[in-house]
Amino acid sequence: MNVDFHWNKPIPQIVTEATGGNRTLLFMAQEAKRLMTPYVPAKNMVLSANTSVYVEGNAGIVHYKSPYANFQYQGYVMVSRITGSPFARHGESKVVTGRKLNHSGARHPLATAEWNKAMKAAKMDAYTSAVQAYIRRRG
């Protein structure tokens, strides 16, 4: 007996539908933001509050919109190319120094540079469990 089997849909479409597609990607980004928040430097809470969470292409994005977000994420002091001061004029570019930032732990005791990596090291099990539970609920 011969059996022919044909997919009616392409495999990537089946996977997208089974996992929830963009809704799941958005949930994943929102959950990552929630779990990263304790690791984000927060002297006055502006950096952790000034974010957008959205889906772009096949990825959920957590976008920290403050102008100094990259500088905090890298964890190194950046100075003006012209004056050498940490304060730069509008439109002026900065250069990274070899001096590390000292993140205050007053609001977020776990605050660090590269907060996504710190969150992954500490909370990856919680993250994957939340995503799996979300997919099961949608199932």
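Met-45 counts as partly exposed, because its relative accessibility is 29%, and a residue counts as buried under 20% and as exposed over 50%. Met-45 sits in the loop that links H2 to helix H3 (46-49). Its phi is positive, about 70 degrees, even though Met-45 is not a glycine. Keep in mind that this is a predicted model. The protein has 5 helices and 4 strands, and its radius of gyration is 21 Å, where a compact globule of 139 residues would come in near 14 Å.

**Overall build**

- Reading from the N terminus, the order of elements is α-α-α-β-β-α-β-β-α.
- The C-alpha trace spans about 80 × 30 × 25 Å along its principal axes.
- For the radius of gyration, 21 Å is what the protein has, against a value near 14 Å for a compact globule of 139 residues.
- Of the 139 residues, 29% are buried.
- Take the contacts between residues at least 6 apart in sequence: 56% of them join residues at least 24 apart.

**Surface and charge**

- About 9700 Å² of the protein is accessible surface, and carbon and sulfur atoms account for 54% of that.
- The protein carries 18 positive and 7 negative charges, and the mean positions of the two sets lie 12 Å apart.

**Helix H2 and what packs over it**

- Helix H2 takes in residues 21-36, and its 16 residues should span 22 Å at 1.5 Å a residue; the end C-alpha atoms are 23 Å apart, so the two figures agree.
- Which residues of H2 are buried? They are Gly-21, Thr-24, Leu-25, Phe-27, Ala-29, Glu-31, Ala-32, Leu-35 and Met-36.
- One of those buried H2 residues is a glutamate, Glu-31.
- The cover over the buried H2 residues includes two helices, H1 (11-19) and H5 (115-138). Strands E1 (51-56) and E2 (59-64) are also part of that cover.

**Glu-56, in strand E1**

- Glu-56 belongs to strand E1.
- Buried or exposed: which is Glu-56? Glu-56 is exposed, because its relative accessibility is 51% and the exposed class starts over 50%.
- Leu-26 is 30 residues away from Glu-56 along the chain, yet their C-alpha atoms are separated by 9.5 Å.

**Lys-100, in strand E4**

- Lys-100 is part of strand E4, and it counts as exposed because its relative accessibility is 60%.
- What does Lys-100 touch, leaving out residues up to four places away in sequence? It touches Gly-75, Tyr-76 and Val-77.
- For one of these partners, Val-77, the C-alpha to C-alpha separation from Lys-100 is 5.9 Å, with the two positions 23 residues apart in chain numbering.

**The loop between E4 and H5**

- Two residues to look at here are Arg-107 and Glu-114, both in the loop between E4 and H5.
- Arg-107 is partly exposed, given its 49% relative accessibility.
- Beyond its neighbours within four places in sequence, Arg-107 is in contact with Ala-42, Lys-43, Asn-44 and Met-45. That brings back Met-45, from the loop between H2 and H3.
- Arg-107 and Ala-122 are 15 residues apart along the chain, and their C-alpha atoms are separated by 19 Å.
- Glu-114 has a positive phi, near 50 degrees, and is a residue other than glycine.
- Glu-114 is partly exposed, since its relative accessible area is 32%.

**Thr-83, in the loop between E3 and E4**

- Thr-83 lies in the loop running between strand E3 (76-80) and E4.
- With a relative accessibility of 48%, Thr-83 counts as partly exposed.
- Once residues up to four places away in sequence are set aside, Thr-83 touches Arg-89 and Glu-92.
- How far apart in space are Thr-83 and Ala-69, C-alpha to C-alpha? They are 21 Å apart, at a sequence separation of 14 residues.

How values were computed: Residues numbered from 1 in each chain as written. Predicted model: local features only at pLDDT ≥ 70, side-chain atom pairs only at ≥ 80, totals over all residues. Heavy atoms only, no water. Expected span 1.5 Å × (residues − 1). Buried < 20%, exposed > 50% of the residue type's maximum accessible area, 1.4 Å probe, protein only. Contact = heavy atoms within 4.5 Å. Rg over C-alpha atoms; globule rule 2.2 N^0.38 Å. Areas by Shrake-Rupley, 256 points an atom, 1.4 Å probe, with all protein chains shown as cover. Lys, Arg positive; Asp, Glu negative; His and termini not counted. Charge placed at Lys NZ, Arg CZ, Asp CG, Glu CD.
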